[in-house]
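Pull up the model and let's take a walk through it. We'll begin with one charged residue and work inward from there.

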Amino acid sequence: QVYDFTFTTSGDTATLTSYTGTGGDVVIPSTFSIRVVDGQTQYIEGTDYTVTAIAAGTSSSGPFSSARSTLTRITIPETITTIGNDAFYSCSNLTSIDFVDNSQLTTIGDSAFSGCRSLTSITIPESVTSIGDWAFNGCHNLTSVTIGEGVTSIGTDAFNGCFALAEVYN
C-alpha cells in the first residue's frame, strides 16, 4: 500500500508534513517504510519509521490544506505526540477526530482545528497536557468536549466561537 502522505524523517521517527489524497475518511499510519520507484519517493506500509508528529502549518497552508473541503474523518494513531499549529486549519467538513486507544498525544497546537465547523464532538486523550491558543476556534457546531485529566494548560480562546458548545466533561 502506498500512503497519501509525505513525511520528514529523523533517525527512526517521522513527522507527517502533507496529505496528498482526496479526503474522506483518512487514517494516519503509525509506521511506514520508504521505497524509490523511477526516482520518486513512495511511503509504503512498513515499520522502518514511527510517525510521532503532525507538522505545523499556517492558516494558508498546512499538512491538510489540500483537503480542507473534502476531509470528513481523521484517525490519529497512538504514536503521535504532537499536532502542530494550524495542522487541520479550516477543514470545514471534518466531522470526526478519532484518537486510537493508548494515545501518546501530549500537545494540540495553536489553531490546530480552528475553523473545523462541522466537528460536533471531541474526546481529548488523557495523555494530552496542553491545548493551544485558538485550538478549536470557530468550530461552530461543536456541542460536546471531553477533556482528559492530564490537561494542565488550555490556551487563550481555545474554544472561542464554539457557539453550540453545551457540554464540557473532565
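Start with R73, which counts as partly exposed because its relative accessibility is 35%, and exposed would take over 50%. Keep in mind that this is a predicted model. So who does R73 team up with? R73 makes a salt bridge to D98, with the closest N and O atoms 2.6 Å apart. D98 is partly exposed too, at 21% relative accessibility. The two partners come from distant parts of the chain: R73 sits in strand β6 and D98 in strand β8, 25 residues apart. By the rule used here, the count of salt bridges comes to one.

Now for the nonpolar side of things. The largest nonpolar core has 45 residues, and F64, I83, F88, F113 and F136 are the ones with the most contacts inside it. Strands β1, β2, β5, β6, β8, β10 and β12 each chip in at least two residues, with β5 giving the most, four residues. Zoom in on F113: setting aside neighbours within four places in sequence, its contacts include I83, F88 and F136, along with L94, I97 and N137.

Two of those core suppliers, β10 and β12, also turn up in an open sheet of three strands, ordered β10-β12-β14 with parallel pairing. Its edge strands are β10 (121–124) and β14 (167–169), each pairing on one side only. From one strand to the next, the twist averages 5°. Strand β12 (residues 144–147) pairs with β14 in the parallel sense over three bridges, and V145 stands opposite V168 in β14.

How values were computed
Residues numbered from 1 in each chain as written. Predicted model: local features only at pLDDT ≥ 70, side-chain atom pairs only at ≥ 80, totals over all residues. Heavy atoms only, no water. Pairing = 2+ DSSP bridges. Axes fitted to C-alpha atoms, helices over the stretch in contact; angles between N-to-C directions. Core = buried A, V, L, I, M, F, W, Y, C linked by side-chain atoms within 4.5 Å. Buried < 20%, exposed > 50% of the residue type's maximum accessible area, 1.4 Å probe, protein only. Contact = heavy atoms within 4.5 Å. Salt bridge = Lys/Arg side-chain N within 4 Å of Asp/Glu carboxyl O.
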